[in-house]
Amino acid sequence: MKNDTLPLQYHQQVQVTSVSYQGIIENTDATLFDWKKGTSIFDAHPFFEMLRSFMETPGTEALQFPCIHIENGKDDFICDVSIQINPDIITVILFDYTTKYREVNQIAQQKNESILRSRQLELNNQYLLEKEAFKNSFIANINHEIRTPLTSILGFVEVLEKTKLSFEQEELARIIKRESKHLNALIDDMIDISKIESGTLKIVQERFSFEELVRGFEETYSKVAEEKGIAFESDIEDNIQEYLIGDRTRVYQILNNLLNNAFKFTEEGKVSFIVSKNYQRTNKLSLTFKIEDTGFGILEENIPHLFERFTRFEQDKQISGTGLGLAIVKNLVDLQNGEIKVESTPDQGTSFIVKLPFKFEVTKKTAPERKKKKYTLPDTKKKFRILVVEDEEITQYLIMKVLITQGTFFVDIAINGEEAISYLERRAYDLILMDLSTSKQDGFQTTHMIRNNYGDKFISQIPIIGFSGRADENARDKCIRSGMDDFIAKPFEQEDLIYKITKQIAKKAAD
Amino acid sequence: MTLSKKVVLLGHFGVGKTSLFRRFVDNEFSEEYKVTLGVQIKKKVVALPDGRELSMIMWDTEGHSDSVEDTRKSYLLGSHAFIYVFDITREETYKHLNQDLEYLTKNYAKVITKVIGNKLDLVKEKDVVAHLKEENIPFDCLTSAKTNKNVQDFFSELAVAITQ
């Protein structure tokens, strides 16, 4: 039987079957399925098992089941099934809509697949983000573990350099120092990258001497140029404000990185450092920094990959580097809403052009240049007693060695905050060098106790310098807020350590 | 005499209802995702622990995109058990689970309802269990149609439950 009222493409075939209350097929036209009279409908297809419940509890008169898959051998029909329940017979009518349903199926398939695919992409993305977060926290943690032994290596090399060494030993010590500093720079780069990627690197807005910054580059790189036998030219536009507001540390990092690269890749000719003003409006201005060299240049196909992490091209292989520098530069420029571009011709040279926005103070007069103030210990005949709170033996030994070599210090070592407190109660100290992360009681807790639990001002007002291998730009602020007087990051230069100790003792004596 | 019970697989699209259905009935699995349109029905005869045989008439329904209420009512008539399947890697497939269960309990009080979290091969069981507990998502079993993990045990236990 054919239904001629439907559009041609949906021509349906209909099969009508009468079934007894025992499930026996009484009559069928077998249009779709070749069912035999007298056989059980339950054997025809498991769908019809549902008839049992209506046979057991009559009452329902008609039921519609759309879109039922009913197999006939290898063929799969998709039918709407209508069931009419009469007192003596059940009529099953099958409408074959296979063609129509298959068309609908294709649309549903595409829609669902696209939703599932996008969900899969989201999941993959989430997985990658979690992996990245784990990597960043791993790098941050491993940093401390690497810096501590590095502090010792650098410190002991400096101690070694001051002993009587043969020419060869002096050379070897110099190499150890150079390589340790390189390793330290690599750790700094990795930490910066992990902070940038985890979004924890914040750009600060501080007033700084722009003139001092560029003069510093001129001094440093003139010496480098002289050693290398190439020229260094700088051209700083005159009308740039002496003091600007921006992130001095990160601007320094960007320019130093680019200048350092320019010198590394230039064997003859010159490196130029040009600074010009793009525009100035109210209290804002934009500067262009151009670092140009006559080095061996970059191949055109390498330029798009220049700012990717760990990028090292074939021609770089003779030159030391981590492949992180330019990735950091690019990120730091982006974080400051600046722009960076590169122009290069192989064998002729490269230009990096960086545009950065700054602010400046319109009314305030420029402050006089601040130079590092010199401090001297108050009484050169007296030896000063320093308490070092540090649980790592090698660092204890290094600091002892550095301080005792000066000839002006006595040193006691406490391995944790508790021990430090008991030492303080028994003996007068001129200063405490406090590791921030000792076991049992950390440096912050110990400082809090010293500052708050003692009426004796020789204890409560003792100068405290915190030190740590966790090189965080907030570490110093955190130390000051917790009551310490200063902070020094590991690995430290001996000169810095002595300067900071001298400064605090001198300041205390002046009070 | 062979007992016959109707079991309907319900749940969001793409959660693996058809994979569980095929794994249980034919012990087959395919990575290819194919939309189920309407309903596919197959019979699986299982031996009960007491020696009787049970014909489980498995209805694999078209997945819904929002709530179980979207499922055609006639498919649910005369059911003895519902298996609500969700995908443990897709939150949208279980975020309405509690409301859906409430709907099923209210409208089909006599029907046993079991909840399966599928695709266990994609994540760590311990993490999923902790997450589902935290989110207050009830479930009876976590399965992987792909690896066959917990699938046969689940259906064997269901067979016993619907014949008691």
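Start by selecting residues 210-228 and 248-264 of chain A, helices H5(A) and H6(A): their axes come within 11 Å and cross at roughly 20°. The two helices are therefore roughly parallel to each other, a label for angles under 35 degrees (over 145 is roughly antiparallel, 65 to 115 roughly perpendicular, the rest oblique). The axes are lines fitted to C-alpha atoms, for helices over the stretch in contact, and angles run from 0 to 180 degrees between N-to-C directions. Look down through the pair and you'll see that the crossing is right-handed, meaning the near helix is turned clockwise from the far one by less than a right angle (anticlockwise would be left-handed).

Before you go on, note that this is a predicted model: local features need pLDDT of at least 70 and side-chain atom pairs count only at pLDDT 80 or more, while totals for chains, interfaces and linings use all residues. Residues are numbered from 1 along each chain as its sequence is written, and chains are lettered from A and ligands numbered from 1 in the order in which they are written.

Now show side chains on the helix pair. On the H5(A) side, pick A:Leu213, A:Phe217, A:Tyr221, A:Val224 and A:Lys228; facing them on H6(A) are A:Arg248, A:Val251, A:Tyr252, A:Leu255, A:Leu259 and A:Phe263. Contact here means that the C-beta atoms of two residues, placed from the backbone, lie within 7 Å. Colour this set by class and you get nine nonpolar, no polar and two charged residues. The classes go like this: Ala, Val, Leu, Ile, Met, Phe, Trp, Tyr, Cys and Pro are nonpolar, Asp, Glu, Lys and Arg are charged, and the others, Gly among them, are polar.

Next, click on A:Phe467, which lies in strand E16 (residues 464-468) of chain A. Is A:Phe467 buried or exposed? This residue is buried, with 27 other C-beta atoms within 10 Å. The cut-offs are 20 or more other C-beta atoms within 10 Å for buried, 12 or fewer for exposed and anything in between for partly exposed, again with C-beta atoms placed from the backbone. Beyond its neighbours within four places in sequence, A:Phe467 touches A:Leu433, A:Asp435, A:Phe487, A:Ile488 and A:Lys490. Zoom out to all of chain A: buried residues make up 27% of its 511 residues, and the chain holds 13 helices and 17 strands. Helices (H or I, at least four residues) and strands (E, at least two) are DSSP runs, numbered from the N terminus.

Time to cross to the other chain. Select the interface: 24 residues of chain A are in contact with 19 residues of chain B. On the chain A side, helix H2 (51-56), strand E3 (62-72) and helix H3 (98-161) each supply at least two residues. H3(A) gives the largest share, ten residues. By class, this side has 14 nonpolar, six polar and four charged residues.

Switch to cartoon view and follow the sheet. Eleven strands form an open sheet with mixed pairing, in the order E2(A)-E1(A)-E5(A)-E4(A)-E3(A)-E2(B)-E3(B)-E1(B)-E4(B)-E5(B)-E6(B). Two strands pair if DSSP finds at least two bridges between them. At the edges sit E2 (25-28) of chain A and E6 (141-142) of chain B, each pairing on one side only. Where do the chains join within the sheet? E3(A) and E2(B) (residues 39-47) pair in the parallel sense over two bridges; select A:His69 and its bridge partner B:Gln40 in E2(B).

Stay with chain B and select B:Val8, which stands opposite B:Trp59 in E3(B) and opposite B:Phe82 in E4(B). Its strand E1(B) runs parallel to E3(B), with seven bridges, and parallel to E4(B), with five. Further along, E4(B) and E5(B) (residues 112-118) pair in the parallel sense over seven bridges, and B:Val85 has B:Ile116 as its bridge partner in E5(B). Now add helix H5 (residues 151-163) of chain B, which lies across E1, E2, E3, E4, E5 and E6 of that chain and runs at about 170° to E5(B).

Two backbone oddities finish the tour. Most residues other than glycine have a negative phi. B:Asn27, in the loop between helix H1 (17-26) and E2 of chain B, has a positive phi near 50° and counts as exposed, with 10 C-beta neighbours inside 10 Å. B:Lys119, in the loop between E5 and helix H4 (125-134) of chain B, has a positive phi of about 80° but counts as buried, with 23 C-beta neighbours inside 10 Å.
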